[in-house]
Structures are given as structure tokens and as C-alpha cells.
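Here are some exercises to work through with the model open beside you. Try each task before reading its solution.

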Amino acid sequence: MHDTTARTEHRLRRFIAERLLPAKYRARAPLSITAWDVPDEPVPFAEAVRQDYRPFDVGSPWGRPWSTVWFHLTGSVPTGWADELADGTCELELVVDIGFTGAGPGFQAEGALWSPDGRILKGLEPRNQHLGLARDTHELDVYVEAAANPDVPDGQWIKPTKMGDKATAGTEPIYRFRAADLALLDRDVFDLTADVLALQGLMLELDASSPRRAQILRACEDMLDAVDPDDVAGTAAHGRRLLEGVLSAGATSSAHQVHAVGHAHIDSAWLWPVRETVRKCARTFSNVLDLMDRDPEFTFACSSAQQYAWIKEFYPELYTRIAERVREGRFIPVGGMWVESDTNMPGAEAMARQFVAGTQFFIDEFGVEPREVWLPDSFGYSGALPQIARASGKEYFLTQKISWNDTNTMPHHTFDWQGLDGTRIFTHFPPVDTYNSMLDGPELARAERQYAEKGRANTSLAPYGYGDGGGGPTREIVAQARRVANLEGSPQVVLSTPDRFFDAAREEYPNPPVWTGEMYLEYHRGTYTSQHRTKAGNRRSEHLLREAELWASTAAVRTGAEYPAEALQRIWRQVLLQQFHDILPGSSIAWVHREAERHYEAIAAELNDLIAEAISALVGTGETELSLNAGPYAVGGVPALGGVTSPEPVGEVRLEVAGQDWILTNSRIRVSVDGRGLITSLVDLATDREVIPAGRAANLLQVHRDIPNEWDAWDIDAHYRHVVTDLVDAEEITTETHGHAAAVVVRRSFGDSTITQRIELSAEGLQLTTEADWHERQKLLKLAFPLDLTAERAASEIQFGHIHRPTAVNTSWDAARFETVAHRWVHVGEPDFGVAVANDVTYGHDIHADTDDAGNPITVVRQSLLRAPLFPDPDADQGTHVLRTTLAVGVGIDGAVRAGYATNLPLRKVTGERAVAPLLTVDHPGVVVEAVKLAEDGSGDVVVRLYEAHGRRAEAVLEADFETTGAVETDLLERPGPTRAGVRANGNRAHLILRPFQLCTLRFARS
């Protein structure tokens, strides 16, 4: 029996490949082709259609990497096809193969079909090569915009490639045009193919001894005998009838329920530049609209307001059609974010603005407000997200990526996720384990098998359609969905929407389990460090935007200056775009990162101009030196959110030489730097406490071999720790003194790189500036600080607060968390003494318990400064980088928060004639002002966003120093709503009661 079964299964596979699939088209007729090769970057249709097209033959090469070629296809429908079209057995289609390869959709050549009047008709991808035509078509005239996008991975994700940059990718054609035909689609053959594939997929997932499997096998065997391999078209209908019985057997009442949601994950940049993503969106969305025209039940969920905005700008006619389908509820905006961003590294206000910008766009453009967060592919999820999402009006959260964990399996698929402030959001991980589902037998069986909530709930979501590089659902996938909708042995499948799924899931499971804290992805840990310049640009842009909004708001209120709302919105949108989960994490091709760096330079220049203009209006034109403080804490006599005449420097730094050591001392700390340029002593003078363990040294640069098993730019694997070189030899040590300041400067070299460090003291603590001229490959540079502290856990700043992680490795979850992310600071400490390590651009850290030479417990904090992965950008991180680190000693969390802001928002020195009084003051040190801006609606109201930063309950008064009729609490979109912060407002004063880490947005009305 087994041998017979195996032979039949083999026979079925061969029949599908050699007979059934080739019989899809009953006849084909070639078209005439002419072509125009675009000289450089893509051009609009209106320009392309005016060019001189030359004759082009099928089989000819085309397309240097990243180029575009336009093909003009013309021809007549053969008169002999009339009867087959009339009787309904065939459908007329255009079929184009521009040279598709074995790589998946979105990772190779792509095309778009255009009508002669400039209407984009449909995309062309390897799994979607056709355009349906009306039965009464006689003449065809279409254009193909063919993109020669290279297969960057080329079957691997490790080796260096020149294809990621147009300048290095070469000029030889990389594709060969295969076909442009009119064709007769055989309807019976198409349907028989869908029947057989659905049954085959189910059969191979059933147990070998299952009666249902045997039933399907015997029916397929009968079909194989009935369908004539020499006349598949003529016998396909009979073959279908023999399968009707097994296809009509319904699913059991206990079968898992799968809500299938049409979807196309389109990375806003990755192995292609942003400009190509714009075209990917147009191709995919036109595919979707074409499918909607032919299937009235088909719906499609699409995230990322940025992608809609691109279509509105570059494809207005397509955008009009999308808007119509949105109004029908079939093209469904989801997620409510500007892009599907990374969530680990964007700052607090930036993370909020992802939701503000995205949700407001959908409301303004379509009158639609998404209810869910839609982040299938981001690399881990911050513990601040539940609060931020709920504050933007979101009810649900969906992701897929945690299924990629390399060590531990998440215990739930449907649950409440609780964030750091206690906020909960209903969350789902699709157990199908892919956001590019084909709805085939193996995927559906996996969803049912893995679903963790069995016995309590029975419903999951499957996002289906080709993604990453776009493409979306195809008619073949929808045909599968129809056949497995109610099929014995398979989960039930319903073509659904996100709203329908989440409402059903929440009703089914009203009291789900709770997961508390971050959702750490046990994978892609290198994304906290790769492409330092991109990360530096993001961090600087976030803080410049804070300054620009603060000073522009202050100038508007104080002087009546015009608030640059349009410029700020444009800049914010650019920054938000570059927080996409393959740009900010450093996992894109060279083209993407070089472009991001150029954008960051332009952003910095424009924001500095806006800041200078606002400050000029505030301070006037005098010659007095003023210091402006955009931070939330007073610094050196300068008030928070305001400016005064620059005070005299407080305290003096003494530089002494003791033997071979240099000693730096100010009123707070004493630091010893030895002849190697390492810090061997760091004493907090207030407590006379030594911070550096005996026999150990801080400021230790360490270089590790960094060759992950796969996913070069993405991953740091645990074995990196096995090989390390400590940079303990200094080539040169010099000293500098400038008035009250002094510094020790240490120069080192390693391989082809040089690293210069500047060691000095400030009011905040020990200041280290590391300038690296970095030319290593597959190396990881870390900066280590062994600390004489017994710390069971470390605090790391995230959005609107901080998270605690254990320093010891007791569980597999601890072991997997060997590289972690933090924003501006980390803190380790004992109950009465702690140390904060702040930074101005570093995100990756590892913090672990250790022992000193005598076996005493210590804690080691290491910053991950630089990497040098080879794929997808072979020149990643090469060149000069500057990183600043602050060690604040003898401080608690409050000191860590202060050090983080001070390191990232230094005082701004200007000249003028008058001081700048703060618009707002708050009387509690734990209540931090994160943003001050004017309202998005142009009313002139002042909006302030603040949060409790210390992890304690706080009662505070926020006072406005301007004319106001009062304040109301709002959501992130500045809409009044239920009071969550216990706000009592009276005139220009607002009394707040905040839970630990709670954020609050207040809107002060201006008359």
C-alpha cells in the first residue's frame, strides 16, 4: 500500500509540472515589440511615451542593473479564437515574461503595464505575468515599464555584492526578454489546477494512515486516469467532476478558523532604493485593483501612510481609484503609522509621531481611522508601544516577527500585551508564521498545529500575498482560499478583514493571558549597531526637531513670528520614513544608506536654519552671549526650555601627573588615566566611593570577530564573544588645557583603523569622545566599563521611560538577551549608589554580571560602537565616526535621565539682547517635558507632551507663561478625550497625577 501511495503521489507531482501547468494557455500569439532604454533614472509615462522606440526581438538582452526600459507592445487578436472566446471556455489575456528568474517576486525584474492614455493597468511579476482583456478586444496597444532591479542576495545573504549601488553594479544587461503574447486562458484547466493543488497540499499534511488522505489520493488517482495527457484541455472538465466529492466534504466543527487577509508587505526600502519602492507600490496596488475589478469579494489591507502619499504624488489617477475602493471598504488602510518603523530605536516623540502622522493622513484623506497597529516585520517591540498605540486610539496590535526567535518560543498567539506603564493592548501573532502566506496546505496545517490558545480560543489571522518586495495576492492564491474555505481535514478559511478578525478574536477570548514588558526579538541583534551614520543622523534629527519646535513655538507665542508648520511636517515625514525597519536598523543596500545620510545632512542644515530664525526673533540682535537650553532640566544656571546670559563656568578641572598616570579632578569626581590610556580609577568624591574594580580598567576598547552564521548586517551571534582583542596599547597620549577645562587625548590603532579618544570632565560626569577612522571588515568594536557594583538588573531608556533587564543569566530567555537596545542612557546600581552610562548615538549594549580578580561581584557595561558587515552593503560603517559617552557616578535613575538629555541637547550659544523665558515650567523633577509645539490644526494652541520618567507616581503642576484660556488633556492626535492623567486645569496651571511612566498630552488654548 505504501509503495502504491508513494508512486501515486510522485505521479501527481509530475502530472502537475509536466502536463497541467503547461496546458494553462490553449493558444498564444506573439505581439510586435519596440523599446526605449531610459538613459538614467526612471521617467513618468508622459515623458516615456514621447521617445523614439526601436524594434526589439523576443530573446534579446535588456536592462543594465537598476535601469528602466519601456517596451511598446502592439498586435491583433487572431480571428480563429472567436469561437473559444464566445463559448466561455477561454479567456483572453496578455502574457508578458520580461525575463523573470528563479528569485521570488520583488527580488528581480518587475514591470508595469500602461494604457496608451497613461493609465497604469497592472504590475508584472514572476507569479503574476498576465493582464485580463475584454472578450471583444480586437487590437492591443500597451506599454511595459520594465525595471531591471537586480537579484541582490543572489541566493545568499552573506557575501559582498556590488549590486547594491548603481555606481558599482555594472552596465551589462542582466535580463533577457522571453515573451509578449496574446493568449487564451483555458478556464477548465485553470480550475482543475486550483483543485489539484488544494487537495495535494492538504493530502501531504495529513497523517499517512488517515482515511481522509487515502480518500483524496484515490480521487486524484481517478482524475489522473481520466485526464488525457495529450488532451488536457478537452478532458479537464471530466477530471474536475471526479474531484467534486473530496472537495465538497466540509470541515469539522472543531476545525481551526483562519481569517485570510489580503496583504503585500512592501519594505519602504531594503534591497532597493526608496525610488524603486514608489514604483513597487504602484505595481502592487494596480494588481490589487485589477483583482478587485474581477472578484467583488476580494479585500486588501495596506499599511504605511507614506506609501499612499507616494501614490498620491506620483500616480494621482491610481490614487483616485484607490480612494474609491477605500470608501467601499475593500482597500483597507491599516496600522495608522507613517511607515512600518523599527520600534527599538526611534525616540519617544518620534515613535508618537509615527502614529500621529500616519493616522491623521488616513483620517484627512479617506475619513478612515485604523484601529490596529500593523507591524509584521519589525525587529522586536518596545515595552512603550502599548501606551503609545492606545494613546493614538489603537485597540489592537499585530506582528509576525517574534516567530523568528532563535532560542525561545513565545507562549501565546493571542493575548493582552502590557506596556511599561500598565497599559494593555489586545495582540495577535499569526501562527501561520509568515506575513506572505500562500494559504496552501502546509501553511494552514502549521497554523492549526502551532496555535497556542487551543481549548480557549480557535481563531487566527493569515496575511496572504507576495510581499517584502511587493506583488500582493494573486488570482491563484484567492482560488486556493475558495477551495480550502470549508474542506475536511483543513482549517476553515474565510476571506476577511483586520477589523472582522480582531472583533471576532476578542469576542471569542475576552480574558486572554497577559505578556508584560518588551517583546525582545531573539534575532537580528546587530541592527542596534549596523550603519552608524544612519543612526547618528536619526538621533541628531530627533533632537534638532525638538529644538526647532520648541523655539519656533516660543517665538510664535512671544513675538508673533510665523510658525513653520509646513516645513516641520515635511521634515518630520522624512525622518519618520528613514525610521523604516530596514533603514534605521542598517540592513539595506548601500544606495539606501548613502541617500539617508544625504537626507540627514540636509535635514540638519534646514533645522538649524529654522532654529536660528526662531532664536533671532526671541533674543534680538545684540552682542550679549546667551545660552539656550532646549532640555527639560536646568543646566549650569540655564533654565529648562529657556535661555539666559551665559553664566561663568562652574568649577575647575585640575589636571595632575602622578607617576605614569594623569589625574583629572573636579568638584564631583576624580579620574585616573594610566599610561595605556585606560581609566584605572573613578572616584565619586561625595561618597569617596571607587567605581572601577581593583585590577580592572574602564574605557577599554575591545574588537571582536563578528561573522554571524547568516544575515550579516542583521545579526550578532553569541559566538562573537569567543574571539576578542583588547586595545590596551596607546600610540600617543597628550593633554590639553583650556581655561577651566582639561583633557587627556589617547590615540590608538588597530588593523587599518585609528581611534582617538578625548577624556575630560563636565558637570554631568566623565566625558569620552571617541573618534574612529574605521576600516575593518566583519569586526565589532565595543567600549567596556567594568563597575564595582552588584546590580541584579540594568535600566535602559526606551520611549517615555525605561525598562529593567536582569544582568545574570538564569534562564534561556536571559541567555538569548545577550545584546540589548537602549536610547540615551543605561543605569546600573545598588540601592544607595549607581552609575549611568549615557551616549549621543549608541543603541547597542551588553550589560552583564561578572567578578573581579578576587571573585567579588561586579557589573560590566559595554557599548557597541561600530560594526563592519559585508552584506548587503560591503562598505558599511567604513570611514570616520564620532561618538560621545558620559559616565555619571553616584546617581540614581533621576541622574541617568538628566545625563541622557544633557548629552544629547547641549546648550546652544548665541548672541542677542534679551533672555528667553520658558513658555512652560513643571515643578516635579520626575515629570519631563518631551515636546512643545503648536497644534497640528493651525489654531495656534500650544501642545506639550510630558511623561513620568523615574518609574514612580508623581503629582506635578505645569504652568504656562502665556495668555491661555486653559488646558485640556488630549490623545496623541491632539483630540480631547477621557482624562487618563487626572488633569485638573485652571487658567494657565494644570495639576497632574501620573502613574509610573505615564505620558500625557496637554493642549493650551490661546485666545
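**Exercise 1.** Find the residue that follows H17 and describe its phi.

*Solution.* Glycine 620 comes right after H17, and its phi is positive, near 80 degrees. Helices (H or I, at least four residues) and strands (E, at least two) are DSSP runs, numbered from the N terminus. Residues are numbered from 1 along each chain as its sequence is written. The model is predicted, so local features need pLDDT of at least 70 and side-chain atom pairs count only at pLDDT 80 or more, while totals for chains, interfaces and linings use all residues; side-chain values use heavy atoms, with hydrogens and water left out.

**Exercise 2.** Work out how H15 and H17 pack.

*Solution.* Start with the axes, which are lines fitted to C-alpha atoms over the stretch in contact, with angles from 0 to 180 degrees between N-to-C directions. For H15 (residues 532–559) and H17 the angle is about 20 degrees, and the axes are 8 Å apart. H15 is therefore roughly parallel to H17 (angles under 35 degrees count as such).

**Exercise 3.** Is glutamine 878 buried or exposed, and where does it lie?

*Solution.* First locate glutamine 878: it sits in the loop between strand E43 (857–866) and strand E44 (879–889). Next, its relative accessible area is 14%, so glutamine 878 is buried (under 20%, against over 50% for exposed and partly exposed in between, with a 1.4 Å probe and protein chains only). Finally, list contacts (heavy atoms within 4.5 Å): beyond four places in sequence, the partners of glutamine 878 include Arg533, Trp774 and Ala868.

Definitions and conventions:
Angles under 35 degrees count as roughly parallel, over 145 as roughly antiparallel, 65 to 115 as roughly perpendicular and the rest as oblique.
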